[in-house]
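Please examine the chain displayed below. The paragraphs that follow lead through its overall make-up, its strand pairing and its charged side chains.

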Amino acid sequence: MKKIISSLLFAGLLTIAFAGDLSGTVNYDGKIPKKKTLRMDSDPVCNAAHSEAVYKQSFLVDENGNLANVLVYIKNISSDTAPSEIAVLDQNGCMYNPRVLGVQAGQEIKILNSDPTMHNIHGLPKVNREFNFGMPKTVKEKSITFDKVEDVFVVKCDVHPWMKSYVQVFDHPYFAVTGIDGKFTINNIPPGDYEVVAWQEKFGSKRTLLKQVTVGKDSQTLDFTFSRPKKK
Ligand SMILES: [Cu+2]
């Protein structure tokens, strides 16, 4: 028995020692669209939360073509690794933060209402159970979890139609969302050959990008480029 445990420990250490990181940039190849102002006139509280113009969040690209809020994840992997933290989905300034959220099955998600107004949070998963509840300004925090692995689905606010967030549930921790600079990093990946997917909400599930990569003990780089579909 002792022998088994020590060899398991050894195997575990080996995995950690040889885990690799995967990082890269996601960009957009094409004419960069003009930013569109987001109008929140239906709720004065939302308007008052912003001193500067707010732009639509569905396609956030900077002047160098770096694309934010792209969900990058390994497809052909599963893992018993427990979630390392509680995920947070904040309703702040009548916007969801983050816009795109990856979580693990069973991971606690804290839903915050940082606004002095009423939100209604309405998740539309198909595999997990749909949920729909109000969060008046006095309710600052609620918790939810998703038990099952599920492809990306929308979470929206029925009070403020511009509020949308996208959630995907994984059976592993090997996913990341690009920052405003288009960069992502996925840490501590066990060595192996993987398929890596990049998903962006405007391009949708039919136009995800997929690449192969071999991860070893060293860090790997993998970049993705989204482009407009060619006109027929
Ligand atoms: Cu709302």
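A residue is called exposed when its relative accessible area is over 50%, buried when the value is under 20%, and partly exposed in between. Arginine 39, at 58% relative accessibility, therefore counts as exposed. This classification is applied here to a predicted model, and the same terms recur throughout the account below.

The overall make-up comes next. The protein chain contains two helices and 17 strands. Its C-alpha atoms fill a box of roughly 65 × 45 × 30 Å, taken along the principal axes. Of the 232 residues in the protein chain, 42% are buried.

Strand pairing can be followed from β3, which spans residues 87-92. This strand runs parallel to β6 (residues 109-113), and five bridges join the two. Within that pairing, glutamine 91 stands opposite asparagine 113 of β6. β3 also pairs with strand β4 (residues 95-97), here in the antiparallel sense and over three bridges. Asparagine 92 has methionine 95 in β4 as its bridge partner. Together β3 and β4 form a hairpin with two residues between them. Glycine 93, in the turn of this hairpin, has a positive phi of about 65°.

The charged side chains add a further set of contacts. Side chains of opposite charge can pair when their charged atoms come close. A search of the whole structure finds four salt bridges, and three of them are described here.

One of these joins arginine 39 to aspartate 41, with the closest N and O atoms 3.1 Å apart. Whereas arginine 39 is exposed, aspartate 41 is partly exposed, with a relative accessible area of 47%.

Another salt bridge links glutamate 201 with arginine 99, where the closest N and O atoms are 2.8 Å apart. Glutamate 201 lies in the loop between β14 (192-199) and β15 (209-215), and arginine 99 lies in the loop between β4 and β5 (100-104), so the pair ties together parts that are 102 residues apart in sequence. Are these two residues buried or exposed? Both glutamate 201 and arginine 99 are buried.

Strand β6, already met as a partner of β3, also takes part in a salt bridge through lysine 110, which pairs with glutamate 141 at a distance of 3.7 Å between the closest N and O atoms. Because lysine 110 lies in strand β6 and glutamate 141 in strand β9 (residues 141-144), this contact ties together parts that are 31 residues apart in sequence. Lysine 110 is partly exposed, with a relative accessible area of 25%. Glutamate 141 is likewise partly exposed, at 45%.

Charge also gathers on the surface. Lys36, Lys56, Lys164 and Lys202 form a patch of positive charge there. Lysine 56, one of these residues, lies in the loop between α2 (44-48) and β2 (71-74). With a relative accessible area of 44%, lysine 56 is partly exposed; patches are made of residues with over 30% relative accessible area and no salt bridge, so this value meets the area cut-off.

A final position to locate is glutamate 130, in the loop between β7 (119-123) and β8 (131-135). Glutamate 130 counts as partly exposed, at 46% relative accessibility. Glutamate 130 and valine 70 are 60 residues apart along the chain, and their C-alpha atoms are separated by 24 Å.

Notes:
Residues are numbered from 1 along each chain as its sequence is written. This is a predicted model: local features need pLDDT of at least 70, side-chain atom pairs count only at pLDDT 80 or more; totals for chains, interfaces and linings use all residues. Side-chain values use heavy atoms; hydrogens and water are left out. Patches are made of residues with over 30% relative accessible area and no salt bridge: like charges are joined within 9 Å, nonpolar side chains (Val, Leu, Ile, Met, Phe, Trp, Tyr) within 5 Å. Accessible areas come from the Shrake-Rupley method with a 1.4 Å probe; for residues, only the protein chains shown count as cover. A salt bridge is a side-chain nitrogen of Lys or Arg within 4 Å of a carboxyl oxygen of Asp or Glu. Lys and Arg count as positive and Asp and Glu as negative; His and the chain ends are not counted. The place of a charge is taken as NZ of Lys, CZ of Arg, CG of Asp or CD of Glu. Helices (H or I, at least four residues) and strands (E, at least two) are DSSP runs, numbered from the N terminus. Buried means under 20% relative accessible area, exposed over 50%, partly exposed in between (1.4 Å probe, protein chains only). Two strands pair if DSSP finds at least two bridges between them.
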